[in-house]
Each structure stands twice: as structure tokens, then as C-alpha cells.
Amino acid sequence: MLSLVGAYGMMVLSQNFGSDIVGLLHGPDAKLEAEVPPDDVAPGTSLAELCEGYANHHFDSVSNSFHAAGMAAGVVSLMVALFGARLSRGQRVASLFWMAPQWYLWAWLGHFWLQRDVPAVFTYGLTLKSYMTGEFCSIMWVCTGVPFQQKNTSFPGLEGTPPSTSFLVVL
């Protein structure tokens with residue numbers, strides 16, 4: 001239970017102090033750059049433009065693998081909550097509550113640490129409609145395989161364009 005509370009606490013800190021976290025990790029210049037809101041994922045952007053903007057803001061291959069791993073873990077958590085055999089009601093609820101931290105925290109780790117930016121969900125997620133549209137784009141982005149295209153990374157030891165098999169080591 002304590003770890004779940006800690007995970008939600010980290011989510012709240014990330015949402016409220018995203019650029020400060022970037023600054024703490026990478027310095028004051030990175031903090032200032034992270035404070036500039038992206039113009040291509042603003043609320044009210046059309047679905048096609050939002051999805052294109054979403055994909056453009058994911059330029060680090062290892063960070064993209066973190067996104068995909070977090071989404072997969074979140075889906076597994078949801079499936080366990082819904083269909084897990086011989087689980088108590090409390091275990092199902094706990095699994096359901098773990099979905100959001102698993103879905104988001106891995107992705108946000110990639111943004112703060114490797115991409116040195118603030119996740120776009122903090123920009124486009126200002127209304128329920130824009131949040132759901134953005135999440136649709138993220139799911140479609142993973143389902144199309146785009147995260148697994150070879151791109152540069154700043155992951156220590158894998159700088160540059162890592163070979164595809166290095167994703168298995170990271171995950």
C-alpha cells in the first residue's frame with residue numbers, strides 16, 4: 001500500500017513540478033527549455049495534428065521503449081484486475097490502482113531523464129476531451145510500432161543510435 005501511495009505521490013510531483021525535475025536533472029537551461037509549452041499539442045488541436053505532434057515529441061529510442069513497457073504493464077495490471085483468477089476484491093482494486101502509475105511513470109522517466117522535456121499530457125490533458133484524444137494518439141503510436149523505429153538515444157552507454165536488440169536489454 002505504501003508503494004502505491006508513493007507512486008501516486010510521484011505522479012502528483014511530476015505533474016506539478018515537471019520542469020523543476022528536468023532542471024534538477026539537467027541544469028537551469030534545460031529547465032527553461034522544458035517550460036516552453038509545445039505548440040503542436042495545444043488543447044483544441046485536430047486529431048491528425050495532435051497525433052503527429054505526439055509522435056514528433058518522442059525522439060529518443062530508449063525513452064520510447066519505456067513508454068511501450070509502461071503501457072504494457074498498465075494493460076497487464078488492468079487485465080489482472082478484471083480477469084485474474086482467485087483474487088480477492090482488494091487485490092483486484094489494488095491491481096486497478098496500479099494501472100496509472102505503471103502506464104505513466106515509465107514514460108515520464110524517459111521524458112525527464114532522456115528527452116529533457118515535460119510530457120505533453122501536461123499540455124493537452126487540460127480537458128477530458130483533449131486528454132482522451134491525446135491518450136488515443138499515444139495508444140495508436142505504440143500500436144503502429146513507431147516507438148521501435150531506430151532513433152538516437154542519450155541513455156548512458158547507448159548514446160547515438162543503438163541496435164534494435166539493445167531494447168531487450170533495457171526492458
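**Salt bridges**

I started with Lys31 and Glu35, which form a salt bridge with their closest N and O atoms 2.4 Å apart. The model I am reading is a predicted one. I then looked for a further partner of Lys31 and found Asp20, with 3.4 Å between the closest N and O atoms of that salt bridge. Asp20 sits in helix 1, residues 2–26, and Lys31 in helix 2, residues 28–34. The two are eleven residues apart, and I note the pair as a link between distant parts of the chain. My count of salt bridges comes to two. Asp20, Lys31 and Glu35 are thus linked in a network.

Are these residues buried or exposed? I checked each one. Asp20 is partly exposed, with a relative accessible area of 34%. Lys31 has 25% relative accessibility and counts as partly exposed. Glu35 is partly exposed as well, with a relative accessible area of 39%.

**Disulfide**

Next I looked up the cysteines. I count one disulfide. Cys51 and Cys137 form it, and their sulfur atoms are 2.0 Å apart. Cys51 belongs to helix 3, residues 47–56, while Cys137 belongs to helix 7, residues 128–143. With 86 residues separating them, the pair links distant parts of the chain.

Which hand does the disulfide have? I read a torsion of about -80° about the S-S bond of Cys51 and Cys137, so the disulfide is left-handed.

I also checked the cover on each cysteine. Cys137 is buried, with a relative accessible area of 2%. Cys51 has a relative accessible area of 23% and is partly exposed. The cut-off for buried is under 20% relative accessible area, so Cys51 falls outside that class.

**Nonpolar patch**

I turned to the surface. Leu25, Trp106, Leu109 and Trp113 form a nonpolar patch there. Together they have about 370 Å² of accessible area. Which element supplies the largest share of the patch? I traced three of its residues to helix 5, residues 89–115. Trp106 lies in helix 5. Trp106 is partly exposed, with a relative accessible area of 43%. Patch residues need over 30% relative accessible area, so Trp106 meets that cut-off.

**Whole chain**

I then stepped back to the fold. How many helices and strands does the protein have? I find eight helices and zero strands. From the N terminus on, the elements read α-α-α-α-α-α-α-α.

I looked up burial over the chain. Of the 171 residues in the protein, 38% are buried. The protein exposes about 9600 Å². Carbon and sulfur atoms supply 67% of that area.

I checked how contacts spread along the sequence. I took those between residues at least 6 apart in sequence. Of these, 65% join residues at least 24 apart.

**Confidence**

Last, I looked at the pLDDT. The protein averages 79. A score of at least 70 is reached by 78% of the residues. Where does the pLDDT drop below 50? I find this over residues 165–171. That stretch still has eleven contacts in the model beyond near neighbours in sequence. I mark those contacts as resting on a stretch with pLDDT below 50.

Methods. Residues numbered from 1 in each chain as written. Predicted model: local features only at pLDDT ≥ 70, side-chain atom pairs only at ≥ 80, totals over all residues. Heavy atoms only, no water. pLDDT = per-residue confidence, 0-100. Contact = heavy atoms within 4.5 Å. Helix = DSSP H or I, 4+ residues; strand = E, 2+ residues; numbered from the N terminus. Buried < 20%, exposed > 50% of the residue type's maximum accessible area, 1.4 Å probe, protein only. Areas by Shrake-Rupley, 256 points an atom, 1.4 Å probe, with all protein chains shown as cover. Patch = residues over 30% accessible without salt bridge, like charges linked within 9 Å, V, L, I, M, F, W, Y side chains within 5 Å. Salt bridge = Lys/Arg side-chain N within 4 Å of Asp/Glu carboxyl O. Disulfide = S-S within 2.5 Å.
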